[in-house]
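Student: Hi! I've just been handed a structure I don't know at all. Could you walk me through it?

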Amino acid sequence: MSDTDLFGVRGGKKPVSKFGAFVKNASLFLGALLITVTLGSFLKAYAGGGATKGQGAFYLQATSAMKPGDVISTETAVWRSALGKRSGEWVTDSSKKSETYWGWRVVSPIRAGQPVLKQSVIAVNTGATAFELPPGKVGFVLMGDELAAATEMLQEGSWVNIIAVVGGGSRSKAEADSPSVTTVVEGSKVLHVRAGLKRGGRGLDPSVTIAVSPEEAEDLAAWRQAGALVVVLASATSPRSIHQGDLRQLWDTEAVPEEDSASAQSSTYGVARAAPAPTRSVSVVTPSGVQKQDLK
């Protein structure tokens, strides 16, 4: 056997050198270790099959139940290790101390203890939600589909009037009850405008926050329950109406109950009509029958 055939692979008598045996055993051990580490890494990557390249090492978990409109913060969520988890649809980050998602809004319900899904939250400029109330004023929040168009024209500092509409639920004028309208608030300043936050057909409706007095806020809350509130653009110098808060009917209904006859005497624009002068009459018996004649 050649002196260079240390492992005896060419046949013949194996070397009796202790150094050669040590090198052989060490090589076999290192080879087996390398294969074991490679196989373990492959299995670990396979176990986290949902993860993609660049996936964060930590995922966001809700510590309390959250509903649409809630804010992601250290009080509602915490970072957990994503090692070996299918975190492809979860909110993840490479740092356990990341503050990237603090202030984001929830647009679909999240249960406590569940991962925060990417489709359940949406980025919001938290700085835009901070505003100061004028002295003696409160912030009344108007929400609903009727604001979808108004929010595109409004911005912080705009001025609006709020009109309340009661009745007239039917689109047909002949079938609808006579609707009544009134301007509830005039010359109110817009404090905050939030466009609708939607994701996957779910989310938050648009909202407008206006500055009103506490009494006006109570009136708006009552009118909201009784009918509908409509936002119209105004200016700080718009003239104030002397009839603010007075109901007026858009049109008169054909049938008016007797007990409401007094209120029906008001005109379309709230100006009182002249009530007919009271008359007296007597019954006169004639051959042709009984006739009534008015006394002058």
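Tutor: Happy to; we'll start with the whole chain and then visit a few places in turn.

Student: Great. What sort of model is it?

Tutor: This is a predicted model.

Student: How many helices and strands does the protein chain have?

Tutor: The secondary structure comes to 4 helices and 15 strands.

Student: And how much of the chain is buried?

Tutor: Of the 296 residues in the protein chain, 27% are buried. The chain exposes about 20,100 Å², and carbon and sulfur atoms supply 56% of that area.

Student: What share of the contacts comes from residues 24 or more positions apart?

Tutor: If you take the contacts with a separation of 6 or more, residues 24 or more positions apart account for 64% of them.

Student: Okay, let's zoom in. Where does β11 run, and is it covered or open?

Tutor: Strand β11 covers residues 207-212 and is mostly covered, with 6 of its 6 residues buried.

Student: Which way do its side chains point?

Tutor: Ser 207, Thr 209 and Ala 211 point one way from β11, while Val 208, Ile 210 and Val 212 point the other way. Residues in both groups are buried.

Student: Which strands pair with β11?

Tutor: One of them is β6 (residues 138-143), which pairs with β11 in the antiparallel sense over 6 bridges. Another is β8 (residues 180-194), also antiparallel to β11, over 4 bridges.

Student: Can you give me some residues to look for there?

Tutor: Sure. Thr 209 in β11 is the bridge partner of Val 141, and His 192 stands opposite Thr 209 as well. Next to look for is Val 193, which stands opposite Val 208 in β11.

Student: What about β8 itself, is it covered or open?

Tutor: β8 is mostly covered, since 12 of its 15 residues are buried. Strand β8 also runs antiparallel to β7, and 7 bridges join the two. In that pairing, Ile 162 stands opposite Val 185 in β8.

Student: Back to His 192 for a second. How far is it from Glu 156?

Tutor: Their C-alpha atoms are separated by 5.3 Å, although the two residues are 36 residues apart along the chain.

Student: Where does Glu 156 sit?

Tutor: Glu 156 is in the loop between α2 (150-153) and β7 (159-166). Its relative accessible area is 46%, so Glu 156 counts as partly exposed.

Student: New topic: in what order do the strands of the open sheet with β1 come?

Tutor: That open sheet has 3 strands in the order β2-β1-β3, with antiparallel pairing.

Student: Why do β2 and β3 each have one side without a neighbour in the sheet?

Tutor: Because β2 (77-81) and β3 (92-93) stand at the edges, and each has a single partner strand.

Student: How many bridges link β1 and β2?

Tutor: β1 (residues 58-62) and β2 pair over 5 bridges. For one example, Gln 61 has Val 78 in β2 as its bridge partner.

Student: What about aromatic rings? How many pairs are there?

Tutor: A search of the whole structure finds 4 aromatic pairs. Tyr 101 and Trp 104 form an edge-to-face pair, with 4.7 Å from centre to centre and 65° between the planes.

Student: Are those two buried or exposed?

Tutor: Tyr 101 is buried, with a relative accessible area of 17%. Trp 104 is partly exposed at 21%. The cut-off for buried is under 20%, so these two residues fall on either side of it.

Student: Which residues do the ring pairs link into a cluster?

Tutor: Ring pairs link Trp 79, Tyr 101, Trp 102 and Trp 104 into a cluster.

Student: How many salt bridges does the structure hold?

Tutor: The structure holds 1 salt bridge. Lys 67 forms a salt bridge with Asp 70, and the closest N and O atoms are 3.5 Å apart.

Student: Why can side chains like that pair up?

Tutor: Side chains of opposite charge can pair when their charged atoms come close. Lys 67 is exposed at 55% relative accessibility, while Asp 70 is partly exposed at 22%.

Student: Last one: which residues form the nonpolar patch on the surface?

Tutor: Phe 29, Leu 30, Leu 33 and Val 37 form that patch, with about 410 Å² of accessible area together. Phe 29 is found in helix α1 (residues 18-47), and Phe 29 is exposed, with a relative accessible area of 56%.

Note on methods:
Residues are numbered from 1 along each chain as its sequence is written. This is a predicted model: local features need pLDDT of at least 70, side-chain atom pairs count only at pLDDT 80 or more; totals for chains, interfaces and linings use all residues. Side-chain values use heavy atoms; hydrogens and water are left out. Rings of Phe, Tyr and Trp (its six-membered ring) pair if their centres lie within 6.5 Å; planes under 30 degrees apart count as stacked, over 60 as edge-to-face and the rest as tilted. Buried means under 20% relative accessible area, exposed over 50%, partly exposed in between (1.4 Å probe, protein chains only). Two strands pair if DSSP finds at least two bridges between them. Patches are made of residues with over 30% relative accessible area and no salt bridge: like charges are joined within 9 Å, nonpolar side chains (Val, Leu, Ile, Met, Phe, Trp, Tyr) within 5 Å. Accessible areas come from the Shrake-Rupley method with a 1.4 Å probe; for residues, only the protein chains shown count as cover. A salt bridge is a side-chain nitrogen of Lys or Arg within 4 Å of a carboxyl oxygen of Asp or Glu. Contact means heavy atoms within 4.5 Å.
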